[in-house]
Amino acid sequence: MKTTLPTRLAQVVAASILIFASVMKFKGDPGAIEIFTKLEMEPGGRYIAAIFEMLAGLLLLSSFAAFGSVLAIGMMAGALIAHATRLGLEVNNDGGALVGQLAIVLLSSLFVAISRRKEIPIIGSSF
Amino acid sequence: MNSSLALDLEKTSRTANGGIVVLLGLFALAGNFISFYFHFGTVAFLLLVLLNTYWRHFQSSHTLLANFGFLAQFRYLAESVGPEFRQYLFSSDTEERPFNRNERAEVYRKSKGIDSSSAFGTLLSYDPEEAKIRHSFYPTDKQRLEKFDVAVGAARGLETTYHINRPIMISAMSYGALGENTVRSLARGAKLAGIPMNTGEGGYPKYHLMENCDLIFQLGTAKFGVRNEEGYLDDQKLADLAAKDQIKMIEIKLSQGAKPGKGGLLPKEKITKEIAELRGVPQDKDVLSPAHHLECVDAKTTVEFLARVQKVGGLPTGMKFCLGRDDEFRELVQEMKRQKTLPDFITVDGGEGGTGAAPKSFMDDLGMPLFEALPLVHQILSEEGVRAQIVLFASGKLISPGKQIKAMSLGADVAYSARGFLLSLGCIQALQCNKNSCPVGITTHEPHLQKGLNIEDKSKRVANYVDALHHEFDELLAATGAASASSLTTKNIYFSNANQSVAANN
Ligand SMILES: Cc1cc2nc3c(=O)[nH]c(=O)nc-3n(C[C@H](O)[C@H](O)[C@H](O)COP(=O)(O)O)c2cc1C
């Protein structure tokens, strides 16, 4: 399928944020540790999330971007739940920057998923 | 086996569609109160539920998904890994009956407007018993091909003479056998494609008329829609119907290929209040049409009846039958000549024809196959000197342009198909037309099964199918070197030695 420039752009944006966030989690950034402590998932959950984010980010840059976008949407949905139920909008006095990042990744992944929906195997033909 | 499987699908899918919502709730609760890890499940089910909602309520191009939700994906999954499995375990692409997977796939592609060229070679066992089209050294140039035009009623000089401009028409299927959405999709598609649609023997064609396409009214043996209380023809009712603008021709049904010698059958499972009204029958009993028109007990009375319908209706009028005994047919033609009453058209339905419901032995053991019957009918009409006055329609699995050309080489003027059009609507050959449980909503009156059949979408598929067929038909025709379908003869068809008898008959 023909991919347009906006789709590719969205892939790069989502992927860079995801990969950056993943690296921070792997490195044990204090902010990340605090979040996962609040979620009672430290350290296992932090590594699982980091792995998934890395995977999603790399896939978004590959020819399997459609997969990556779905995975990213899932991760962001999970993060949204976390903010909604435990963390709140503002984390460590960041003025909502984290939630803003999350929204950017979510929206651009949605955009990628929708424009590349036909590439998803089996269910792709149903759109 | 087939039917129990499908019933299960309905119940199972309902459980599954509800089940994923429940699971979503459970995971969300567990994620909140037990451990955040459960939210991995919440997210997975959230995506599934969203997707499922879209499939069920916001799209209509996939009937199975709309009717059954995500479980239907397993069918697509099975289809996509099918070839590998089937090769070792199950039936192959060319083995299923009545239409094998290849034949169906071709209709699906045509109706979806997808390129259907294929590569490497035919998948058919290119066996010598099958008839093939003979091509010419000198194919016709495209611009020399004449427009398809068959005039019905011209021989009698009727003012109401009807012109058929495409090689295929929609054969009789009643409202009753088909659901409302199906009838309307076909009718709208017929209108788009500019072809006539036969109403079938289901009585007053309420839903057909809504779409304003050209109609061939079928007068079944029970005369639904135009009968008096004893089941004889009510002239006034027929005259009223025939006066409607959309009704272009009348087809008197003597018999059909799937159950020759037996009347129509509508199982009580499928009789809704409305159908009972449109047909004028009780709702709690199978509706059995008589095996013959009460008026017609021999050649003489049959021709008299034909004359009466021609007079009352004032439209091109013909008869449909599946050939049994050729001596009887010759006698009938001679009687027509004696009474100077010729039908404007004759529909020959092959013994392989389809049906909404018929006893198995009638389907399997009665009726001449189309490619045997057609040349015989053509020959008898020619020998009796009336072939030129009568248009020949043919039906019986003529769902591809190749088969249509073959039928025309054997004498047909226009092809008719019923099941080809059901396939274009997305029929998956679940073989449940007699059960009211058709999973793709075609031969059922259940609203929740019909839901997936979007009239606007599906009517386009019908029209696409006709367009693609007609295009390929012209290409094949050009390859034979003929300039028009009417000039096709048995010279254009090839039979192996085993089948020479058919060709020799001509
Ligand atoms: C669901 C269904 C309903 C049918 N109803 C009628 C009918 O009411 N009257 C009739 O003469 N033939 C009826 N037929 C037979 C078809 O008109 C046609 O003669 C036959 O199926 C052969 O065409 P095909 O092989 O293209 O399906 C029905 C066929 C199907 C599949």
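## Exercises on a predicted model

B:Phe38 has a relative accessibility of 33%, so this residue counts as partly exposed. The model used in these exercises is predicted.

**Exercise 1.** Place B:Phe38 in chain B, and find which nonpolar surface patch includes B:Phe38.

*Solution.*
- Step 1: Locate the residue. B:Phe38 sits in a loop of chain B, between α1 (2–33) and α2 (39–57).
- Step 2: Check the accessibility. Patch residues need over 30% relative accessible area. B:Phe38 has 33%.
- Step 3: List the patch. B:Phe38 joins B:Val22, B:Leu23, B:Leu26, B:Leu29, B:Phe33 and B:Ile34 in a nonpolar surface patch of about 710 Å².

**Exercise 2.** Decide whether strand β6 (residues 215–219) of chain B is enclosed or open, and find its pairing strands.

*Solution.*
- Step 1: Count buried residues. In β6(B), 5 of the 5 residues are buried, so the strand is largely enclosed by the rest of the structure.
- Step 2: Look at each face. One side carries B:Leu215, B:Phe217 and B:Leu219, all buried. The other side carries B:Ile216 and B:Gln218, also buried. Both faces are therefore covered.
- Step 3: Find the partners. Strand β5 (residues 197–198) of chain B runs parallel to β6(B), joined by 2 bridges. Strand β7 (residues 247–253) of chain B also pairs with β6(B) in the parallel sense, over 5 bridges.
- Step 4: Follow B:Ile216. Opposite this residue stands B:Asn198. In β7(B), its bridge partner is B:Met249.
- Step 5: Add the helix. β6(B), helix α8 (residues 235–242) of chain B and β7(B) form a right-handed β-α-β unit.

**Exercise 3.** Explain why B:Cys296 forms no disulfide bond with B:Cys322.

*Solution.*
- Step 1: Search the whole structure. Over all chains, 0 disulfides are found.
- Step 2: Check the distance. The closest cysteine sulfur to that of B:Cys296 belongs to B:Cys322, 17 Å away, which is too far for a bond.
- Step 3: Try another cysteine. B:Cys427 is in no disulfide either, with the nearest cysteine sulfur, that of B:Cys433, 6.5 Å away. The cut-off is 2.5 Å.
- Step 4: Check burial. B:Cys296, at 8% relative accessibility, counts as buried. B:Cys427, at 19%, counts as buried too.

**Exercise 4.** Describe the setting of A:Gln101.

*Solution.*
- Step 1: Name the element. A:Gln101 belongs to helix α5 (residues 97–115) of chain A.
- Step 2: Classify the exposure. Its relative accessibility is 32%, so A:Gln101 counts as partly exposed.
- Step 3: Compare sequence and space. A:Gln101 and A:Ala21 are 80 residues apart in sequence. Their C-alpha atoms are 9.9 Å apart.

Methods: Residues are numbered from 1 along each chain as its sequence is written. Chains are lettered from A and ligands numbered from 1 in the order in which they are written. This is a predicted model: local features need pLDDT of at least 70, side-chain atom pairs count only at pLDDT 80 or more; totals for chains, interfaces and linings use all residues. Side-chain values use heavy atoms; hydrogens and water are left out. Patches are made of residues with over 30% relative accessible area and no salt bridge: like charges are joined within 9 Å, nonpolar side chains (Val, Leu, Ile, Met, Phe, Trp, Tyr) within 5 Å. Accessible areas come from the Shrake-Rupley method with a 1.4 Å probe; for residues, only the protein chains shown count as cover. A salt bridge is a side-chain nitrogen of Lys or Arg within 4 Å of a carboxyl oxygen of Asp or Glu. Helices (H or I, at least four residues) and strands (E, at least two) are DSSP runs, numbered from the N terminus. Buried means under 20% relative accessible area, exposed over 50%, partly exposed in between (1.4 Å probe, protein chains only). Two strands pair if DSSP finds at least two bridges between them. A crossover is right-handed if, with the strands pointing away from the viewer, the path from the first strand over the helix to the second runs clockwise.
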